[in-house]
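Here is a short note for someone opening this model for the first time. It deals with enclosed space inside the protein.

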2 protein chains.
Amino acid sequence: MKTFFQYNWIVREQWYQWCEDVPEEELLRARTGGVGSILKTLFHIVDVEWSWIRVLQGKPDFQEDFEAYSTLDKVRELDHKFRPEVEAFVNSWDETMETRALISHEANGKVDVDAWGEVMRHVIAHHIHHCGQLSVWSRKIGKKPVSANLIGKGLIEPDMEGDQ
Amino acid sequence: MKTFFQYNWIVREQWYQWCEDVPEEELLRARTGGVGSILKTLFHIVDVEWSWIRVLQGKPDFQEDFEAYSTLDKVRELDHKFRPEVEAFVNSWDETMETRALISHEANGKVDVDAWGEVMRHVIAHHIHHCGQLSVWSRKIGKKPVSANLIGKGLIEPDMEGDQ
């Protein structure tokens, strides 16, 4: 679990760096698919990651409005504000939390029960999915996208003592 | 690990179903980003997933040529041919394999050492990333993409006996 979050944080940082060379109007341009623009996607990723972690902790979430965070600097600031709480939660993750039940009462009276392990993997997959969308838009504006390669980022130290 | 693979297989099956209603010329149309077409992306996902599993097992891989698999039926057939081996490997996964070293000798004499746990996560992220690309192209042709939601697919049974 932690490895995937670390991967996503590295990739997200690389997308921020990628954005530095791109005119703001390209970052905000309405695009087909996903949530509609490059910067809004990064904002959405940060928002959704933090919001789910809040939900799992039973803490109040707030509905962030992209209009208030529509520059690269503001998205980065929001990310850095949320990150410590997300990191602490991810670092505290253990096997016993996998099947813990999240009970959600919907407006229509329906009750949803989901395993925490599903929620955490959803957050991970959500991030990667949206970065896949960014990669298409990146090529559209003629720029090489951030690599999605998970290998070679030093995330897991291989055991050199083994017989493999 | 298994949960993510199961998620990817469900989503992949849903993308095949999605393809059934799409004219073949749209599936093969050259597109900006990724590997260049919808069907080639699905082929690439299947190929890469199987190839890495072969590499980890020290078994020979072969370089599949998309030209020989350029219909939905052929990609599905290839997938169903490869799946049992991938599934068996994923189901055999345990913690002790996480840091096992994969040693790769490159053409230029360089030796790469990667942890198996990184390779497996790469395969997972690779799949999700490419499905993100499919979702953009899907909107381009005016069709709702397959949902990337990991929650609600019955992947992990929540524990209703706990105090959460």
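1. Start with the second largest cavity. In this predicted model, that cavity holds about 30 Å³ of space. Its lining draws on both chains: A:His129 comes from chain A, while B:Tyr7, B:Asn8, B:Val11, B:His127, B:Ile128, B:Cys131 and B:Ala148 come from chain B. Helix 1 (2-20) and helix 5 (116-140) of chain B are the elements that each supply two or more of these residues.

2. What classes of residue make up the lining of the second largest cavity? Five are nonpolar and three are polar. None is charged.

3. Now turn to the largest cavity. Its volume is about 40 Å³. The residues around it are A:Tyr7, A:Val11, A:Trp15, A:Ile128, A:Cys131, A:Val146, A:Ser147, A:Ala148 and B:His129. Two elements of chain A, helix 1 (2-20) and helix 5 (116-140), give two or more residues each to this lining.

4. Which element gives the most to the lining of the largest cavity? That is helix 1 of chain A, with three residues.

5. Consider the chemistry of the largest cavity next. Seven of its lining residues are nonpolar and two are polar. Charged residues are absent from this lining.

6. Look at the two histidines together. B:His129 helps to line the largest cavity. A:His129 helps to line the second largest cavity.

7. One last point concerns the count. How many cavities of 30 Å³ or more does a search of the whole structure find? The search finds two.

Technical notes:
Residues are numbered from 1 along each chain as its sequence is written. Chains are lettered from A and ligands numbered from 1 in the order in which they are written. This is a predicted model: local features need pLDDT of at least 70, side-chain atom pairs count only at pLDDT 80 or more; totals for chains, interfaces and linings use all residues. Side-chain values use heavy atoms; hydrogens and water are left out. On a 1 Å grid over the protein atoms alone, a cavity is a set of points where a 1.4 Å probe fits but cannot get out, and a pocket is an open set with protein on both sides within 12 Å along at least five of seven lines; lining residues have an atom within 4 Å of a point. Grid points are joined across faces, edges and corners, and a volume is the space filled by probe spheres set on the points. Helices (H or I, at least four residues) and strands (E, at least two) are DSSP runs, numbered from the N terminus. Ala, Val, Leu, Ile, Met, Phe, Trp, Tyr, Cys and Pro count as nonpolar, Asp, Glu, Lys and Arg as charged, and the others, Gly among them, as polar.
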